[in-house]
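Hello,

Here is the structure I promised to pass on to you. Have a look at it first, and then read on for what turned up.

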Amino acid sequence: MTMGFEIKTDRAAWRAALEAGAEAASAALAEQMMSDSRDKIPDDGEHTLRDIGRIEKVDAGGHDLVWSNAYAAYQWYGMRVDGTHVVENYTTPGTGKAWVDTARAENKEAWDKVAQNAFARGMGT
């Protein structure tokens with residue numbers, strides 16, 4: 001005679017663990033991205049643009065890097081919103097427009113590891 005078994009897992013616990021891992025990964029990655037992007041940001045000598053960058057939590061497991069002023073948009077796009085006043089030369093060596101994209105190209109593998117490690121820690125593994 002064979003007895004039947006049924007094993008069930010706690011879906012709520014799995015969901016909570018995955019959400020905690022995603023939150024930890026997102027927060028750690030945002031911090032690393034901000035840190036690695038800092039030296040790519042055009043500098044006016046007073047660090048105005050570098051100092052206004054911040055990380056905002058937008059939802060569960062989601063963070064944005066934010067620079068909020070007109071000067072930031074001008075520097076990010078390399079021109080004014082209307083397409084005029086194109087930046088011809090970034091005076092600080094190693095800086096330029098779309099600085100997070102530049103940092104990502106240089107650090108993608110390291111960023112992947114940061115996110116993976118933080119996800120595992122966040123899940124409690």
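Glu6 and Lys8 make a salt bridge, in which the closest N and O atoms are 3.4 Å apart. Please keep in mind throughout that this is a predicted model. Both partners of this pair sit out in the open: Glu6 is exposed, with a relative accessible area of 63%, and Lys8 is exposed as well, at 69%. The cut-off for that label is a relative accessible area over 50%.

The structure holds eight salt bridges, and two others deserve a word here. Asp43 pairs with Arg50, the closest N and O atoms being 3.9 Å apart. Here the setting is another one: Asp43 is buried, and Arg50 is buried too. Then there is Lys108 with Asp112, where the closest N and O atoms are 3.0 Å apart. How far apart are Lys108 and Asp112 in helix H4? They are four residues apart, so about one helical turn separates them. Lys108 is partly exposed, with a relative accessible area of 46%, and Asp112 is also partly exposed, at 33%.

Now to the helix packing. Two packed helices are described by the angle between their axes and the distance between the axes. For H3 and helix H4 (residues 99-123), the angle is about 50° and the axes are 9 Å apart. H3 is therefore oblique to H4. On the H3 side the contact is made by Ala72, Gln75 and Trp76, and on the H4 side by Trp99, Val100 and Asp101.

Tyr77 is also part of H3, which covers residues 70-77. Is Tyr77 exposed or buried? Its relative accessibility is 51%, so Tyr77 counts as exposed; the limit is over 50%. Together with Met79 and Val86, Tyr77 forms a nonpolar patch on the surface, and the three have about 280 Å² of accessible area together.

The loop between H3 and H4 has two residues whose backbone you may want to look at. His85 is found in this loop, and its phi is positive, at about 55°, although His85 is not a glycine. With 47% relative accessibility, His85 counts as partly exposed. Ala98 is found in the loop between H3 and H4 too. What is the phi of Ala98? It is near 45°, again a positive value in a residue other than glycine. Ala98 has a relative accessible area of 17% and is therefore buried, since buried means under 20%.

Last comes a stretch of helix H1, taken residue by residue:

- Ser26 lies in helix H1. At 15% relative accessibility, Ser26 counts as buried. Leaving aside residues up to four places away in sequence, Ser26 touches Gly61, Gly62 and His63.
- Ala27 also belongs to helix H1, which spans residues 11-37. Ala27 counts as partly exposed, at 28% relative accessibility. Its C-alpha atom is separated by 8.5 Å from that of Ala118, and the two residues are 91 residues apart along the chain.
- Ala28 lies in helix H1 as well. Ala28 has a relative accessible area of 21%, so it is partly exposed; the buried class ends at 20%. Not counting residues up to four places away in sequence, Ala28 touches Val114 and Ala118. The C-alpha atoms of Ala28 and His63, 35 residues apart along the chain, are 9.7 Å from each other.

Two residues come up twice in that list. His63 is touched by Ser26, and its C-alpha atom is separated by 9.7 Å from that of Ala28. Ala118 is touched by Ala28, and its C-alpha atom is separated by 8.5 Å from that of Ala27.

If you open the model, the pair Asp43 and Arg50 could be a good place to begin, a salt bridge with both residues buried. After that, you could turn to the H3 and H4 contact, with Trp76 among the H3 residues and Trp99 among those of H4.

Best wishes

Terms used:
Residues are numbered from 1 along each chain as its sequence is written. This is a predicted model: local features need pLDDT of at least 70, side-chain atom pairs count only at pLDDT 80 or more; totals for chains, interfaces and linings use all residues. Side-chain values use heavy atoms; hydrogens and water are left out. Patches are made of residues with over 30% relative accessible area and no salt bridge: like charges are joined within 9 Å, nonpolar side chains (Val, Leu, Ile, Met, Phe, Trp, Tyr) within 5 Å. Accessible areas come from the Shrake-Rupley method with a 1.4 Å probe; for residues, only the protein chains shown count as cover. A salt bridge is a side-chain nitrogen of Lys or Arg within 4 Å of a carboxyl oxygen of Asp or Glu. Buried means under 20% relative accessible area, exposed over 50%, partly exposed in between (1.4 Å probe, protein chains only). Axes are lines fitted to C-alpha atoms, for helices over the stretch in contact, and angles run from 0 to 180 degrees between N-to-C directions. Angles under 35 degrees count as roughly parallel, over 145 as roughly antiparallel, 65 to 115 as roughly perpendicular and the rest as oblique. Contact means heavy atoms within 4.5 Å.
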